[in-house]
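This report introduces one protein model to a reader who has not met it before. Please look at the sequence and the structure first, and then read on.

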Amino acid sequence: MAQVINLATTVKNSMLTPLRDAIDAGSGPGIIEIYTGTIPADPATAITSQVKLGTLTFSDPCGTVASGALTMSAITQDSSADATGTASWARIKDSSGTVVKDINISTTGGGATMQMNTTNIVIGGPIQISSYVLTL
């Protein structure tokens with residue numbers, strides 16, 4: 001039988017607040033680096049063969065926690081992608097470059113943590129995330 005854990009909204013909020021604060025750590029906004037390839041097993045793992053497609057910038061503060069969700073404020077697009085490839089995961093860092101977390105990416109409806117309208121990135125083209133909400 002599968003385990004089921006239903007958290008109270010106040011508990012969800014108390015778990016998401018440190019995540020928001022970690023992204024906001026440092027003197028400026030956090031960033032989202034978009035990559036090709038396989039997501040590392042741990043955020044502490046160095047990036048080796050994956051290709052960085054581009055970097056987007058969070059607002060500062062990055063978002064708000066309410067109703068059991070971390071809803072990100074506006075995310076500034078990367079207006080000129082660094083490389084061509086298929087986005088499959090992202091590394092989120094604070095403004096000083098400290099890794100906060102890695103997340104998987106899919107197209108809208110694909111079920112990944114972050115969903116984009118297209119994961120096909122073309123060098124010199126824009127990379128945009130219109131919204132990002134993390135729920136528990």
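Is Leu-7 buried, partly exposed or exposed? In this predicted model, Leu-7 is partly exposed, because its relative accessible area is 32% and the partly exposed range lies between 20% and 50%. Leu-7 is placed in the segment before helix 1 (9–24). Together with Ile-5, Val-11, Met-15 and Leu-136, Leu-7 forms a nonpolar patch on the surface, and the accessible area of these residues together is about 440 Å².

From the surface we turn to the interior. In soluble globular proteins, nonpolar side chains tend to be buried together. Here the largest nonpolar core has 27 residues, and among those with the most contacts inside it are Ile-32, Phe-58, Met-72 and Tyr-132. Two or more residues of this core come from each of several elements, including helix 1, strand 1 (31–35), strand 2 (52–57) and strand 6 (89–93), and helix 1 gives the most, with 3 residues. If neighbours within four places in sequence are left aside, Met-72 is in contact with Ile-23, Phe-58, Cys-62, Gly-63 and Tyr-132.

Strand 1 is largely enclosed by the rest of the structure, because 4 of its 5 residues are buried. The table lists its pairings.

| Strands | Bridges | Direction | Partners in a bridge |
|---|---|---|---|
| strand 1 and strand 2 | 5 bridges | antiparallel | Ile-32 and Leu-56 |
| strand 1 and strand 6 | 5 bridges | antiparallel | Ile-31 and Lys-93 |

Ile-32 thus appears twice in this account, as a residue with many of the contacts inside the core and as the residue that stands opposite Leu-56 in strand 2.

Note on methods
Residues are numbered from 1 along each chain as its sequence is written. This is a predicted model: local features need pLDDT of at least 70, side-chain atom pairs count only at pLDDT 80 or more; totals for chains, interfaces and linings use all residues. Side-chain values use heavy atoms; hydrogens and water are left out. Patches are made of residues with over 30% relative accessible area and no salt bridge: like charges are joined within 9 Å, nonpolar side chains (Val, Leu, Ile, Met, Phe, Trp, Tyr) within 5 Å. Accessible areas come from the Shrake-Rupley method with a 1.4 Å probe; for residues, only the protein chains shown count as cover. A salt bridge is a side-chain nitrogen of Lys or Arg within 4 Å of a carboxyl oxygen of Asp or Glu. Buried means under 20% relative accessible area, exposed over 50%, partly exposed in between (1.4 Å probe, protein chains only). A nonpolar core is a set of buried Ala, Val, Leu, Ile, Met, Phe, Trp, Tyr and Cys residues joined through side-chain atoms within 4.5 Å. Contact means heavy atoms within 4.5 Å. Two strands pair if DSSP finds at least two bridges between them.
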